[in-house]
Amino acid sequence: MTYSIEKVTTLIGARRFGERDTQISFILSDSRSLCFPEETLFFALRSGRNDGHRYINELYARGVQNFVVSTLPQDCAQHYPDANFLLVLDTLEALQRLAERHRDEFNIPIVGITGSNGKTMVKEWLNQILSGDFMVTRSPRSYNSQVGVPLSVWLLDRHSQVGIFEAGISKPGEMLALRNIIQPTIAVLTNIGDAHQENFASREAKCMEKLQLFHDAQVVVYNGDDVLVKHCVSEQHDLHAEQLFWSCADAAAPFYINKVEKSGSATLVTYRYAGETNSYRLPFIDEASISNSFACALVALKLGISPDTLAQRMAQLEPIAMRLEVKEGQHGCTLINDSYNSDINALDIALDFMNRRPDHQGRRHTLILSDIFQSGLTPDALYREVGTLCRQRGIEKFIGIGRELCAHALSIEVPEKHFFPTVEDFIASAAFSQLHDEVILLKGARSFNFEQITDLLVKRVHETTLEVNLNAVVKNLNYYRSFLHADTKLVCMIKADAYGAGSVEIAKTLQEHRVDYLAVAVADEGVTLRRNGITSNIMIMNPEMTAFKTMFDYDLEPEVYSFRLLDALVKAAEKEGITGYPVHIKLDTGMHRLGFNPSEDISELISRLKRQNAIIPRSVFSHFVGSDSDEFDRFSAEQYRLFLKGSDQLQAAFDHKILRHIDNSAGIEHFPERQMDMCRLGLGLYGINPRSNKTLNNVSTLQTTILQLHRVPQGESIGYSRKTFLTRDSIIGAIPIGYADGLDRRLSNRKGYCLVNGKRADYVGNICMDVAMIDVTDIACHEGDRVEVFGDHLPVTALSDIMGTIPYEVLTGISNRVKRVYFQD
Ligand SMILES: *Cc1c(COP(=O)(O)O)cnc(C)c1O
């Protein structure tokens, strides 16, 4: 559907500057996702620290001509002669208003889903259940925020027969806007859990906020067994909706669950709805899936799906995999594996993801795609759209798998293309064996079994991997940002290979989230980042005297901590004819590691800096020795005082602003009032709160597999030097990870443990170089089963505590031969 720019102007109540008549089909809030410039309307949103107005210039240069702004660019008619600017007070409100008006165009069932957990699962399952009968439009992935919801609702078009949208909130007052946009006819509350509780006075307050989604709905769906929810619903006096709640206890409930029987990997649910007793078999046994299935069943039945059809589709539900995985492949390839549902919106998001990850080796972009099912479009229209997306998103090579794609080969116009009826045909072909030096996106419907392709393409170095969750990194980043003022800058410390997580992919993620500075230890780490397309500012914390030239060549900004280093750097810069090169001055306020003495050295420092023009102080900083513990608060205060004194003196000698920074992760949280111009975030980014020693959002999971199981009788010893004797007949597993991988020997002989199928398995015997042995006598397990060394279920701090060290040491000790695998939800 398209809207004329004139219509949009009226709908959002804007003042229009610019004369050009155009039609709008796409809306954009993130400049990096631009795809169809001519038909795009860009909303310049302002958030805490970012401002969409900054990207107008770049977008205009790329062909965008329509902008919604709250501040008009200067001399806009002159600088942007072909553009329309729609001036409003608040651009986010305008975006929401436009989505609201778009929603008004549709007189179809719209399902709105909220709740603390399970929103995405219910949405995706409902889609799987309904899409045999309806053309469903739904939120992509979990686009459920103040910006995500309008973008989702915008996807409704004249083919849509049912809409399903998630509404997620994190603080009071947010639901009203989302409800006005979604205007659900059926509103679903999955459950109330603990997420985002910090922003609400009570669970009841949070529940009430979520229930605002219910207003004006015709039907509301919720868990009648949840006392709090039931109570809150009864408090909503102006609720006139039909109340469809489920209950296992109340036989009079609209959806009464008589029986839930688990057997093997499936659950049989028997229920009574509308006076009829029926059942369905769900291919899952966990509680969350079961309760989410009730919500799905209720909505589907309400929309007229028969109990028989429901049972048939429930049995075929697929797990919701939302991971986009980045893996190193063979022959110089990088694989992006998207196991998310195969549809055109998901394809677009995955292509967008691929384009956003810079690749300075300039490798080709290849898409391996299977037939897409259940799109609601005719195959002609569908594959024409796929072809357009590929062209717009710069796909250079296309490999299509499936009969429909073979039949629509002409719709895909890219420089190189191949088509195969099946995955097996592709694997047997020359096109498969010739893959090299490409970035490959794989996106296949489940029935095509693309795992066969990835299994062959992924480098198999070792069965032990470190899985790194990039979403968690972003969540942690946002957690620390929430302590900062909008204009406080942030340095992210990605030294020591990003605390073990792998600096390149972490840097790409941080660059995407517009972190002001990245910091590494040595010049070579900086060079690696630059070679991988990182353009952010990079600080070098331990610049080697031998690497100045490299730093200049790659635009890496050194820390300067001594007169000897300063003089050598100035000399090197002068030799290259460089002027005004930015450096970062370190003051020693108590660590007594590196740095100028703020009481004695500053005058001399100023005079040496003034005597030359090769380098220029960009920032001045110091480092707390104990911001993680209250015990050192007095000392920290003294450090801060010394830093203020030294940095004031330095600043007074220069006209330009010198950024000041002292807070590290713990400092940001403990001393937000000392954030100054910039903070340096390290450990917290990687998911460990240095103050509480607790996990924030876990980033890294070190995992391996059981190589071999042995029955070993009582009285035998395990491993080198006979350090563990068995006190009973035991089952011992061997796992392919040893101290050379970073599994510390201090964990040997039952001091430490790992998790096998969620249960504790002690390390027995001394940990060897490449292998360790674990006691799995009481654990049901098999060879090949996964073992968690640390991660989501076993915090890295549990290990560091046992070892008598800090989590930093464990994380940075994981050796390079452990393959890193990155994923994002
Ligand atoms: C490593 C480092 C940090 C980050 O410290 P965390 O405790 O990991 O937040 C900050 N500043 C400097 C100078 C560092 O070397």
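**Helix packing, annotated sites and a pocket in a predicted model**

The buried residues of helix α11 pack against four elements, namely α5 (119–130), β15 (266–273), β16 (276–282) and α10 (287–302). This picture, like everything that follows, comes from a predicted model. Helix α11 itself runs over residues 307–314, and its buried members are T309, L310, R313 and M314. These residues lie on the same side of α11, because the arc they cover around the axis is only 130°. An arginine, R313, is thus listed among the buried residues of this helix, together with T309, L310 and M314.

A good next stop is the lysine that carries an annotation. The unreviewed UniProt entry marks K495 as "modified residue: N6-(pyridoxal phosphate)lysine". In the model, K495 sits in helix α19, which covers residues 495–499. Its relative accessibility is 30%, so K495 counts as partly exposed, a class that lies between the buried limit of 20% and the exposed limit of 50%. Leaving out residues up to four places away in sequence, K495 touches A519, V520, A521 and E525.

Attention now turns to the second largest pocket, which holds about 800 Å³ of space. Its lining is made up of 31 residues, and those closest to the centre of the pocket are E328, V504, E505, N532 and Y822. Several elements each supply at least two residues of this lining: the strands β17 (324–328), β18 (334–338) and β43 (819–824), and the helices α20 (503–512) and α21 (523–531). Helix α20 gives the largest share, with 4 residues. In chemical character, the lining of the second largest pocket divides into 14 charged, 9 nonpolar and 8 polar residues.

What of the positions recorded for binding? Under "binding site", the unreviewed UniProt entry lists R593 and M769. They do not all gather at one spot, because they span 177 residues in sequence and their farthest two C-alpha atoms are 33.3 Å apart. Of these residues, R593 belongs to the lining of the second largest cavity.

The surroundings of the two positions can be taken in turn. R593 lies in the loop between β28 (581–586) and α24 (602–610). With a relative accessible area of 52%, R593 is exposed, as the cut-off for that class is over 50%. Its contacts, not counting residues up to four places away in sequence, are K586, D588 and H623. M769 is also placed in a loop, here between β40 (759–764) and β41 (772–775). This methionine counts as partly exposed, at 44% relative accessibility. Apart from neighbours within four places in sequence, M769 is in contact with G738, Y739, A740, D741 and R817.

R817, one of the contacts of M769, also serves as a reference point for a lysine elsewhere in the chain. K230 and R817 are separated by 587 residues in sequence and by 54 Å in space, taken from C-alpha to C-alpha. K230 is found in helix α9, residues 227–235. At 32% relative accessibility, K230 is another residue that counts as partly exposed. Once residues up to four places away in sequence are set aside, K230 touches G224 and F245.

Note on methods
Residues are numbered from 1 along each chain as its sequence is written. This is a predicted model: local features need pLDDT of at least 70, side-chain atom pairs count only at pLDDT 80 or more; totals for chains, interfaces and linings use all residues. Side-chain values use heavy atoms; hydrogens and water are left out. UniProt positions are given in the numbering used here, feature names are shortened, and annotations may be inferred rather than shown by experiment. Buried means under 20% relative accessible area, exposed over 50%, partly exposed in between (1.4 Å probe, protein chains only). Contact means heavy atoms within 4.5 Å. On a 1 Å grid over the protein atoms alone, a cavity is a set of points where a 1.4 Å probe fits but cannot get out, and a pocket is an open set with protein on both sides within 12 Å along at least five of seven lines; lining residues have an atom within 4 Å of a point. Grid points are joined across faces, edges and corners, and a volume is the space filled by probe spheres set on the points. Ala, Val, Leu, Ile, Met, Phe, Trp, Tyr, Cys and Pro count as nonpolar, Asp, Glu, Lys and Arg as charged, and the others, Gly among them, as polar. The arc is that of the directions from the helix axis to the C-beta atoms.
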